Amino acid sequence: MKQARVVLDRQYTIASVDERLFGSFIEHLGRAVYGGIFQPDHPSADEQGFRTDVLDLVRELRVPTVRYPGGNFVSGYNWEDGVGPREDRPRRLELAWQAVETNQVGVNEFVDWCRKAHTDVMMAVNLGSRSADAARSLVEYCNHPKGTYWSDLRRSHGWEMPHAIKTWCLGNEMDGSWQIGHKTAQEYGRTAVEAAKVMKWVDPSIELVVCGSSNRGMPEFPQWEATVLEHTYDLVDYISLHTYYGNRDGDTANFLARSLDMDAFIESVTAVCDFVKAKKRSRKTINLSFDEWNVWFHSNEETAAIEPWSTAPPQLEDVYTHEDAVLVGCMLISLLKHADRVKIGCLAQLVNVIAPIMADSQGGAWRQTIFYPFLHASLYGRGTVLQPIVNSPKYDTKDFSEVPLLEMVPVFLEDNEELTLFLVNRDLENTLPLEVTLGGFEDYGLLEHVVLRHDDPKATNTRNRPNNVVPQRSASSQVDAGTVTASLAPLSWNVIRLQRSDHH
Ligand code: AHR
């Protein structure tokens, strides 16, 4: 019989998790902003027009940071359009997504929404149609206390205190031909370094994310990263990675292996960062911001059929299946396994647009299947990642070989004396027996084993059946003197939580 074995030890650590690994993303796209976070005519809207049913779900996820306002949108955005009296704000043709942008939500409203959602803003500047000057004005508008043109303009708009936005993205996917102001690596490197320089002159406390390739399949990857970092190395702190996976051909075994591509992507970008570090004889290390990641493919045809130039059209409204949630679990494990270098992660996106949260304009909000692995990782993954030895049966697929049936990562939450094992069984048919030997945790007992499983891999949560795919308690784990034995259901995401037995 197939069985997986894991050995871990409290002393063998990878890194302490930066909580920003559980970030997300809201773009001015589809119904993410209008009809998602903001809908003044909705019964749940608060005095600022924010949907409180959506806010409740965002808070439940404990998202520490939200990237904004794009995405492709940011490459044509004039941030000044979204500040000041609402009645004076222009309606613009939004070229990236072929919609009409009303600008009823802008930087200040989004900052207020983030405060209500208990999260921080990760702000992107437009380096497509604009450049360093607009970027440094935005930093001054947001972060400078007072006494200058832009900071006093913010105050005159009603926001007396600076927004204190710490993390800033230098544009979005600038290697993509679909981007307004698409650039070569040399052009972008020069634009980014000049923007970075003046942004940090305005506020030296900010951190900057420079654009890496739009995905690992881009023709210039990874030379793009090397060239861009050669220009910007001394001024930036992170380089971005983006990836989306889909199961278009219905080959689920192959689809579930896609997180191996994510592993390889992270390891390649880390190598490029360290290559440039070596070349520059630098003592500084550039870390990774995986600021767009998810499953995205279900809605492609519906989105393509939408007529241009409406406001808040239902674009990119993927309805996620159980198997998507399992891959999202694998992707979270990939991020955690690389927590030594990946410091920021943004599940793209948060509401309605390829999102864990759906919000009906005429009704309520609900949790998609992918909500759950993200929730568990966010709640129980903020600790020290341990380096396990994993011995798993393997399988081959069209695009991958040696794919382990078991994907797993342990995270130790020292303050709570808690050890969490995040585990996926990729086997579509069979339960996977598991034994984990816990070095240094012999006095730990089982808190709970939570499993996300479903007999139908294509099962979804919808407005009529919002609780079709939900986590359940599993009775299939035992812990005895430092050994966990468990059975992992076919195609399942599992969270096994342990705690020191005499913890109070
Ligand atoms: O998240 C949807 C889109 O995917 C973003 O706008 C873009 O950056 C990426 O290509």
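Biologist: Leaving aside its neighbours within four places in sequence, which residues is Asn 72 in contact with?

Modeller: This is a predicted model, to start with. In it, Asn 72 is in contact with Glu 27, Ala 96, Trp 97, Asn 172, Glu 173, Trp 178 and Gln 179, leaving aside neighbours within four places in sequence.

Biologist: Which side chains does the side chain of Asn 72 make a polar contact with?

Modeller: One is the side chain of Asn 172, at 3.3 Å. Another is the side chain of Gln 179, also listed at 3.3 Å.

Biologist: Where is Asn 72 placed? And is Asn 72 buried or exposed?

Modeller: Asn 72 sits in the loop between β4 (65-68) and β5 (92-94). Asn 72 counts as buried because its relative accessibility is 13%, and the cut-off for buried is under 20%.

Biologist: On to the ligand. Which residues surround the ligand?

Modeller: Asn 72 is one of them. The others are Phe 25, Glu 27, Gly 71, Trp 97, Asn 172, Glu 173, Tyr 244, Glu 292, Trp 296, Gln 349 and Ile 354.

Biologist: How does that shell split by class?

Modeller: The shell has 5 nonpolar, 4 polar and 3 charged residues.

Biologist: How far is a ligand oxygen from an N or O atom in the side chain of Glu 27? What about Asn 172 and Gln 349?

Modeller: For Glu 27, the distance is 2.6 Å. A polar side-chain atom of Asn 172 is 2.9 Å from a ligand oxygen. For the side chain of Gln 349, the value is 3.0 Å.

Biologist: How much of the ligand does the protein bury?

Modeller: The protein buries 95% of the 280 Å² that the ligand exposes when taken alone.

Biologist: New topic: helix α2. Why is α2 largely enclosed?

Modeller: Helix α2 spans residues 107-116, and 8 of its 10 residues are buried, so the rest of the structure largely encloses it.

Biologist: Which residues of α2 are buried, and what covers them?

Modeller: The buried ones are Val 107, Asn 108, Glu 109, Phe 110, Val 111, Asp 112, Trp 113 and Cys 114. Their cover includes α1 (52-61), β4, β7 (120-125), α3 (132-143) and α4 (149-156).

Biologist: Which residue just after α2 takes a positive phi?

Modeller: His 118 does, with phi of about 60°.

Biologist: Last one, cysteines. How many disulfides does a search of the whole structure find?

Modeller: The search finds 0.

Biologist: Why no bond for Cys 169?

Modeller: The closest cysteine sulfur, in Cys 346, is 7.1 Å from the sulfur of Cys 169, so it is too far for a bond. The cut-off for a disulfide is within 2.5 Å.

Biologist: Is Cys 169 buried or exposed? And Cys 330?

Modeller: Cys 169 is buried, at 2% relative accessible area. Cys 330 is buried too, at 1%.

Conventions. Residues are numbered from 1 along each chain as its sequence is written. This is a predicted model: local features need pLDDT of at least 70, side-chain atom pairs count only at pLDDT 80 or more; totals for chains, interfaces and linings use all residues. Side-chain values use heavy atoms; hydrogens and water are left out. A residue is near a molecule or strand if one of its heavy atoms lies within 4 Å of it. A polar contact is a pair of N or O atoms within 3.5 Å; within protein, one must be able to donate a hydrogen and the other to accept it, and residues adjacent in sequence count only if both atoms are side-chain atoms. Accessible areas come from the Shrake-Rupley method with a 1.4 Å probe; for residues, only the protein chains shown count as cover. Ala, Val, Leu, Ile, Met, Phe, Trp, Tyr, Cys and Pro count as nonpolar, Asp, Glu, Lys and Arg as charged, and the others, Gly among them, as polar. Helices (H or I, at least four residues) and strands (E, at least two) are DSSP runs, numbered from the N terminus. Buried means under 20% relative accessible area, exposed over 50%, partly exposed in between (1.4 Å probe, protein chains only). Contact means heavy atoms within 4.5 Å.
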